[in-house]
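Let's take a walk through this model together, starting on the outside and working inward. Keep the structure open and rotate it as you read.

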Amino acid sequence: MLKDFKAFLMKGDIVALATAVIIGGAFKAIVSSLVKDVIMPIVGLLMGGKNVNDLFFVLGTGEYETFKAAQEAGAAVMTYGNFVQAIIDFIIIGFVIFMIVKAYEKTKKKEVPAPAAPKGPSQEELLAEIRDLLAKK
């Protein structure tokens, strides 16, 4: 059983999957930093200097200037700014993966189509040949 388990782990698919998961985790950190540290400040500037993570609705009574003030007061809030940031993360990750797959597809060798097999006689030609052979006998 241990031998079978080792063979299973050493299959190319499992190793490739493990590598992809590790690289994906590192890639997520890079994209999250890009969104959080580069893109979102620009979006915040375009929104009048607001931090996108501070966008929230108070579910109940009370008005608060910032998300932290609402948290400290114990108010129930819906932080849709975090959701917006997650959507932007997803779009960027999806786009980069699309570009990587597209580049990978270009590097793959194109399969040369196999030459078509020579055509043999049609069914009608074979039947005519058989008829002619029978007529000679």
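Is Leu-46 buried or exposed? Leu-46 counts as exposed because its relative accessibility is 72%; the cut-offs here are under 20% relative accessible area for buried, over 50% for exposed, and partly exposed in between, using a 1.4 Å probe and protein chains only.

Before going further, a word on what you're looking at. This is a predicted model, in which local features need pLDDT of at least 70, side-chain atom pairs count only at pLDDT 80 or more, and totals for chains, interfaces and linings use all residues. Residues are numbered from 1 along each chain as its sequence is written, and side-chain values use heavy atoms, with hydrogens and water left out.

Back to Leu-46, which sits in helix H2. Helices here are DSSP runs of H or I with at least four residues, strands are runs of E with at least two, and both are numbered from the N terminus. Leu-46 joins Leu-34, Val-38 and Ile-42 in a nonpolar surface patch of about 390 Å². To be in a patch, a residue needs over 30% relative accessible area and no salt bridge; nonpolar side chains (Val, Leu, Ile, Met, Phe, Trp, Tyr) are joined within 5 Å, and like charges within 9 Å. The areas themselves come from the Shrake-Rupley method with a 1.4 Å probe, and for residues only the protein chains shown count as cover.

Now turn to the inside. In soluble globular proteins, nonpolar side chains tend to be buried together. Here, the largest nonpolar core has six residues: Val-31, Val-35, Met-40, Val-52, Leu-55 and Ile-92. Such a core is a set of buried Ala, Val, Leu, Ile, Met, Phe, Trp, Tyr and Cys residues joined through side-chain atoms within 4.5 Å. Helix H2 (residues 12-46) is the top contributor to this core, with three residues. Take a look around Val-52: leaving out neighbours within four places in sequence, Val-52 is in contact (heavy atoms within 4.5 Å) with Met-40, Val-43, Gly-44, Met-47, Gly-81, Asn-82 and Val-84.

Helix H4 is the next stop. Its 28 residues should span 40 Å at 1.5 Å a residue, and the end C-alpha atoms are 41 Å apart, which agrees; the expected span is 1.5 Å times one less than the number of residues. The buried residues of H4 are Gly-81, Gln-85, Asp-89 and Ile-92. Phe-95 also lies in H4, which covers residues 80-107, but Phe-95 counts as exposed because its relative accessibility is 51%. Its C-alpha is 13 Å from that of Lys-28, 67 residues away along the chain.

What about the loops? Between strand S1 (57-58) and helix H3 (67-72) you'll find Thr-66, partly exposed at 36% relative accessible area. Gly-60 lies in the loop between S1 and H3 too, and is exposed at 56%. Gly-60 and Ala-75 are 15 residues apart in sequence and 7.6 Å apart in space, C-alpha to C-alpha. Farther along, Val-112 is in the loop between H4 and H5 and is exposed, with a relative accessible area of 75%.

Finish at helix H5 (residues 123-136), whose 14 residues reach 20 Å from first C-alpha to last, close to the 20 Å expected. How many of the 14 residues of H5 are buried? The count is zero, so to speak of H5 as hardly covered is fair. The structure holds one salt bridge, meaning a side-chain nitrogen of Lys or Arg within 4 Å of a carboxyl oxygen of Asp or Glu. Arg-131 and Asp-132 form it, with their closest N and O atoms 3.3 Å apart. Arg-131 is exposed at 54% relative accessible area, whereas Asp-132 is partly exposed at 39%.
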